[in-house]
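Colleague: I should be grateful for a close look at a single strand of this predicted model and at what surrounds that strand. Please begin with the strand itself and then work outwards.

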Amino acid sequence: MSADRILVFDIGGTTSRAGIYDAGSGRLQRSLRAQTPSAHAFPDAEVHGLRSLLYELMRALAEGLSFSSPHVISVGFPGPVDARGVALRAPTVWGADQEPEPVAARIREIWPLARVLVANDLSTAGYCFLRHDAEDFCVVTVSSGIGHKVFLGGRPVVGAAGRGGEIGHLRVDFSDEAPVCECGGTGHLGALASGRAIHRLAVRLAHLDPRAFLVSSPGRATGGDPKRLDNILLAQAFREGDHWATELVRSAAEPLGRALAGIHSAVGIERFVIMGGVAHAFGLRYLDLIGQAAARSEWALGQDWSRMIELGEMGDDAGLIGAGRLAARFADSEPATRRDRGADPLLVG
């Protein structure tokens, strides 16, 4: 398998990215982005139509990169993926639809001569943050949804069926008022702590207490109209220390911190890399709130959450770089006979 130039994709619930990764230099050469044709962006669209649109978008992005005949394609996909490259679910893209999607097979229909690797987007992104080949750490994304992967010995741990690393769909709110997750479940972490969840909560709080909203920085900026709220405005107000925005973000950071404390308590991971558009927009104060919530949620054994959590570098390129590194690592470490098989444990999840 030639992995000198790899066509890489990072499919997100809001934005999809494509790039050319050069394995020789270990660098991303070029990249493009476009809006993901998702159920969130097109709520009236039929799901199977949205699935077809995604592959059309991938083809268009490759053509935009002038890379229409790749030998190797590596894809980070936002949902659990099994060893055959089948996505079990993709709620941030296709909502509550539960029909599995043969992502790898569909991509091979477009590029039949290419070697196709498909993994969960956090599994691929994690390879961007490995400091050495056998590191133990946890990568977490806060964006359209919530995702995570624990890496042990330099590899994501997802289980034989690829179902692990989906803490965004752990139920953490059992109240009657628990919000509905995009997957159709109730009270899931993603429904409380993701970027979309923060926006929904902001609109709800603005309606519940319009007076408090009106005197806040976001309230003044929108003229008291909750419909004008967006996460860019909320992030700016939070970074500037606005009380209303701070309490809003604190309420979303609390369940996420508890979840990370659970991971630490279970397996002892002491490096947590937080990435994603929302995390980067809210910045280091946001990480402090997550760490404080985590510290309150577990046994104190001398761990220092202020040192255990860090903001992921590379920004939007992390998923593309990680997908490239995964493909290059797979090519370098696997014998040719195994590389020609349709599935491999490295590709699970």
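Modeller: In this predicted model, V72, S74 and G76 point one way from β4, while I73, V75 and F77 point the other way, and all of these residues are buried. The strand is mostly covered, with six of its six residues buried. In a regular strand the side chains alternate between the two faces of the sheet.

The sheet around the strand comes next. β4 belongs to an open sheet of five strands in the order β3-β2-β1-β4-β5, with mixed pairing. β3 (27–35) and β5 (115–120) stand at the edges with a single partner strand each, so one side of each lacks a neighbour in the sheet. On average, neighbouring strands of this sheet are turned by 15° against each other, direction ignored. Strands of a sheet pair through backbone hydrogen bonds, either parallel or antiparallel.

On one side, β4 pairs with β1 in the parallel sense over four bridges. Within that pairing, V75 in β4 is the bridge partner of F9. V75 is also among the buried residues that point the same way as I73 and F77. With β5, β4 again pairs in the parallel sense, over six bridges. There the bridge partner of S74 is L117 in β5. S74 itself points the same way from β4 as V72 and G76.

Helices also pack on this sheet. Helix α3 (residues 103–110) touches β4 and β5, and its direction makes about 150° with that of β5. α1 lies across β1 (5–11), β2 (15–22), β3 and β4, running at about 135° to β3.

The approach to β4 along the chain also deserves attention. S66 lies in the loop between α1 (47–64) and β4 (72–77). Its phi is near 60°, a positive value in a residue other than glycine. S66 counts as exposed because its relative accessibility is 62%, and the cut-off for that class is over 50%. The residues of β4, by contrast, are buried.

Cavities are a further matter. A search of the whole structure finds two cavities of 30 Å³ or more. The largest cavity holds about 40 Å³ of space. R51, A87, L88, R89, A90, W94, D97, E99 and E101 line this cavity. By class, its lining has four nonpolar, no polar and five charged residues.

For comparison, consider the other five-stranded sheet. This open sheet has the order β8-β7-β6-β9-β10, also with mixed pairing. Its edges are β8 and β10 (309–311), each with a single partner strand, so one side of each is left without a neighbour in the sheet. Strand β7 (residues 146–152) runs antiparallel to β8, and two bridges join them. F151 stands opposite P156 in β8.

β9 may be read in the manner used above for β4. F272 and I274 point one way from β9, V273 and M275 point the other way, and all are buried. β6 and β9 run parallel and are joined by four bridges, with V140 standing opposite I274 in β9. β9 and β10 also run parallel, joined by three bridges. In that pairing, V273 stands opposite E310 in β10.

Helix α4 (residues 121–129) lies across β6 (137–142), β7, β8 and β9 (272–275), and runs at about 55° to β7. F272 of β9 has a further contact, with H264. H264 lies in helix α10 (residues 243–267) and counts as buried because its relative accessibility is 9%, where the cut-off is under 20%. Leaving aside its neighbours within four places in sequence, H264 is in contact with I269, E270, F272, E298, Q303, W305 and M308.

One loop position completes the account. G184 lies in the loop between β8 (155–156) and α5 (189–193). It counts as partly exposed because its relative accessibility is 47%. G184 and P112 are 72 residues apart in sequence and 35 Å apart in space, C-alpha to C-alpha.

To return to the strand in question: β4 has six of its six residues buried, pairs in the parallel sense with β1 over four bridges and with β5 over six, and has α1 lying across it.

Conventions
Residues numbered from 1 in each chain as written. Predicted model: local features only at pLDDT ≥ 70, side-chain atom pairs only at ≥ 80, totals over all residues. Heavy atoms only, no water. Buried < 20%, exposed > 50% of the residue type's maximum accessible area, 1.4 Å probe, protein only. 1 Å grid on protein atoms, 1.4 Å probe; cavity = no way out; pocket = protein on both sides within 12 Å on 5 of 7 lines; lining within 4 Å. Points joined across faces, edges and corners; volume = space filled by probe spheres on them. Nonpolar A, V, L, I, M, F, W, Y, C, P; charged D, E, K, R; others polar. Pairing = 2+ DSSP bridges. Contact = heavy atoms within 4.5 Å. Axes fitted to C-alpha atoms, helices over the stretch in contact; angles between N-to-C directions.
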